[in-house]
There are 2 protein chains.
Amino acid sequence: MGSEGHADGTVGKALDVLEMVADQGGSVRFSELLAISRYPKATLYRLLQTLVNQGMLTQDADSGAYALGVRLVRLAHNAWAHSSLAPLARPHLDALAAEVGEAIHLAQIDSGHILFVDKRKSTDMFETLAQAGRVAPAYCTGVGKAILAFLPDAARDKVMPQQSFHPYTPATHTEPASLMAELEVIRAEGVAFDREEHERGIISIAAPIRSRSGRVIGAVSIATSTSRHTLEELNALKPRLLQCAEAVGAEAETWQFPETN
Amino acid sequence: MGSEGHADGTVGKALDVLEMVADQGGSVRFSELLAISRYPKATLYRLLQTLVNQGMLTQDADSGAYALGVRLVRLAHNAWAHSSLAPLARPHLDALAAEVGEAIHLAQIDSGHILFVDKRKSTDMFETLAQAGRVAPAYCTGVGKAILAFLPDAARDKVMPQQSFHPYTPATHTEPASLMAELEVIRAEGVAFDREEHERGIISIAAPIRSRSGRVIGAVSIATSTSRHTLEELNALKPRLLQCAEAVGAEAETWQFPETN
DNA sequence: AGACTTAGTTTCACTTAATGGAACAAAGTC
DNA sequence: GACTTTGTTCCATTAAGTGAAACTAAGTCT
């Protein structure tokens, strides 16, 4: 929702426009984009043309409306396969999912937001971008808090101001102070709980994934509904969850960090 | 493999570099990229910096090597959800998969290559190469040929020269003429067969997905292995497959084309 | 129909940003 | 400690992006 202020050169502007189209969802007319963007008509027009030319956007033949191009899906597959924890964590998630029979989420952090890079549903399971690629706030999710808690102070200070503290439910943190206090607890316990903070009836227990050097590189969670389990029952799975997180972290040894800006 | 000649402006170059990193898979050092690219040192350097800055690439803290950024995964999720046939086709694929019990693939075309946007695994556990976001050549896959066959002449003339005609198996087409001849047959029959042309032991039957205006917008296929089924048995599924393709096409009425360059 | 509004595209003098050869710094290697 | 390799910065040159305004095309209204 935030509009970035920085834009290195033409490329930055183009990617900014790309993101604008993405945020809009579906297809957008030129004039809509013009209304939103701070770019003058001609500039916006040329940027869009270039992006279409490059296959990053597609333009409807008739209506002239813009939508994200499938080239992105191709690129992202590479990103997912080579730059995310997903492929590496897969066997561990499979095992955990089979044992606990609940939904498993694997997430990383991307510019202050939680990005789900893989998951296992309690019922059916198949891996596509359908579920990977989704974003969620960090301050009100199990995985988000697990990552925030173990982030180096400098990185956390960057990320905290980006949190909106929108009250999704009565249990959602609404200000930095209370969240910071909970992060302290999470650091002590080693796991984070989502106590219906993002979605009513949905609870989870999450553990940070740390490389051997100690850097948080993501988080795993076991999610369920209040109708199926209690927080105490989730807590019983803590050892198993930590074991999974550790296993992934150990394998990620050679891996590179997922950025901090 | 192919190095594009066109590059509109700085944005084109930047995306070109992005693609270079993607093609490389995993992480790449600056000098490797320098060796491959036609850009001078300083230029390449600045382009990479910009992309890192924008979160499209990540740079390893220690080694300085570049890899695709997770931001792409986020963008691609939007692309997949809003600009691909996948969400729309989902119920139809589910139904088809349940009925035939074989692997189902949904593909679109992207700059001459086949892009798998969704799939259903067969009940049995044998992995095909396909996955959402994966690319495959058009000339030697069922879905590829199904799309090629029904492409408007102008579009096909653009796409044909992009085919490599690499002989994956003895059954692979190795020159345009024989492929063109088969496309004729496919147009007459309404479906395309993959006769172990891409992968030994893997066969499929594929049908084009056409919008009501008649434009091909993708293809669905039923894939199996020679150990499980024969081409004749696949052919028996033709009516059911065509029905699925038509159902998706009908729903895609309002949808926009997937580009032609 | 003709006048009028709105959406999209092109022009062109102007300005800013990208360019790349070369110098420089840092990390490895002999 | 000299030498090679790899990565980063400088800066005058050049090219590319800019955006106000003019223009064209597609609706709307009376």
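The paragraphs below describe how two protein chains, A and B, are arranged in a predicted model with DNA strands C and D.

It is convenient to start with the relation between the two protein chains. Chain B can be superposed on chain A by a rotation of 180° with 0.1 Å of shift along the axis, and the fit has an RMSD of 0.2 Å. The two copies are thus related as by a two-fold rotation axis. Both copies use the same surface, as 90% of the contact residues of chain B recur in chain A.

The DNA contacts come next, beginning with strand C. This strand is surrounded by 14 residues, and the closest of them come from both chains: Arg29(A), Lys41(A), Tyr45(A), Lys13(B) and Arg46(B). Of the atoms of DNA strand C that come within 4 Å of the protein, 64% belong to sugar and phosphate. Several individual contacts to phosphate can be picked out. In chain A, a polar side-chain atom of Arg29(A) lies 2.7 Å from a phosphate oxygen of DNA strand C. Ser31(A) contributes through its backbone instead, with an N or O atom 3.0 Å from a phosphate oxygen of this strand. From chain B, the side chain of Thr43(B) places an N or O atom 2.9 Å from a phosphate oxygen of DNA strand C. Helices supply this surface from both chains: α1 (9-24), α2 (30-36) and α3 (41-53) of chain A, and α1 (9-24) and α3 (41-53) of chain B, each give two or more residues to it. Sorted by class, the surface near DNA strand C holds five nonpolar, five polar and four charged residues.

Turning to DNA strand D, there are again 14 residues around the strand, and those that come nearest are Lys13(A), Arg46(A), Arg29(B), Lys41(B) and Tyr45(B). Sugar or phosphate makes up 64% of the strand D atoms within 4 Å of the protein, while the rest belong to bases. One base contact is made by Arg46(A), whose side chain has an N or O atom 2.8 Å from a base nitrogen of DNA strand D. On the backbone of the DNA, a polar side-chain atom of Arg29(B) lies 2.7 Å from a phosphate oxygen of DNA strand D. Tyr45(B) adds a contact to the same strand, with a polar side-chain atom 3.1 Å from a sugar or linking oxygen. The elements that each supply at least two residues of the surface near DNA strand D are α1 and α3 of chain A, together with α1, α2 (30-36) and α3 of chain B. This surface divides into five nonpolar, five polar and four charged residues.

Away from the DNA contacts, each chain also has a sheet to consider. In chain A, six strands form an open, antiparallel sheet in the order β5-β4-β3-β8-β7-β6. Its edge strands are β5 (135-137) and β6 (192-195), each of which pairs on one side only. Neighbouring strands of the chain A sheet are turned by 30° against each other on average, direction ignored. Within this sheet, seven bridges join β3 (residues 103-110) to β4 (residues 113-120) in chain A, and the two strands run antiparallel. Asp110(A) stands opposite His113(A) of β4(A) in this part of the chain.

In chain B, the open sheet likewise has six strands in the order β5-β4-β3-β8-β7-β6, with antiparallel pairing. Here β5 (135-137) and β6 (192-195) stand at the edges with a single partner strand each, so one side of each is left without a neighbour in the sheet. The average turn between neighbouring strands of the chain B sheet is 30°, direction ignored. Strand β7 (residues 202-210) of chain B is joined to β8 (residues 216-225) by nine bridges, with the two strands running antiparallel. Ser204(B) stands opposite Ala223(B) of β8(B). β7(B) also pairs with β6(B), in the antiparallel sense and over four bridges. Phe193(B) has Ile205(B) in β7(B) as its bridge partner. A hairpin is formed by β6(B) and β7(B) with six residues between them, and Glu196(B) in the turn has a positive phi of about 55°.

Notes
Residues are numbered from 1 along each chain as its sequence is written. Chains are lettered from A and ligands numbered from 1 in the order in which they are written. This is a predicted model: local features need pLDDT of at least 70, side-chain atom pairs count only at pLDDT 80 or more; totals for chains, interfaces and linings use all residues. Side-chain values use heavy atoms; hydrogens and water are left out. A residue is near a molecule or strand if one of its heavy atoms lies within 4 Å of it. A polar contact is a pair of N or O atoms within 3.5 Å; within protein, one must be able to donate a hydrogen and the other to accept it, and residues adjacent in sequence count only if both atoms are side-chain atoms. Ala, Val, Leu, Ile, Met, Phe, Trp, Tyr, Cys and Pro count as nonpolar, Asp, Glu, Lys and Arg as charged, and the others, Gly among them, as polar. Two strands pair if DSSP finds at least two bridges between them. Axes are lines fitted to C-alpha atoms, for helices over the stretch in contact, and angles run from 0 to 180 degrees between N-to-C directions. Copies are superposed by least squares on the C-alpha atoms of residues with pLDDT of at least 70 in both. Contact means heavy atoms within 4.5 Å.
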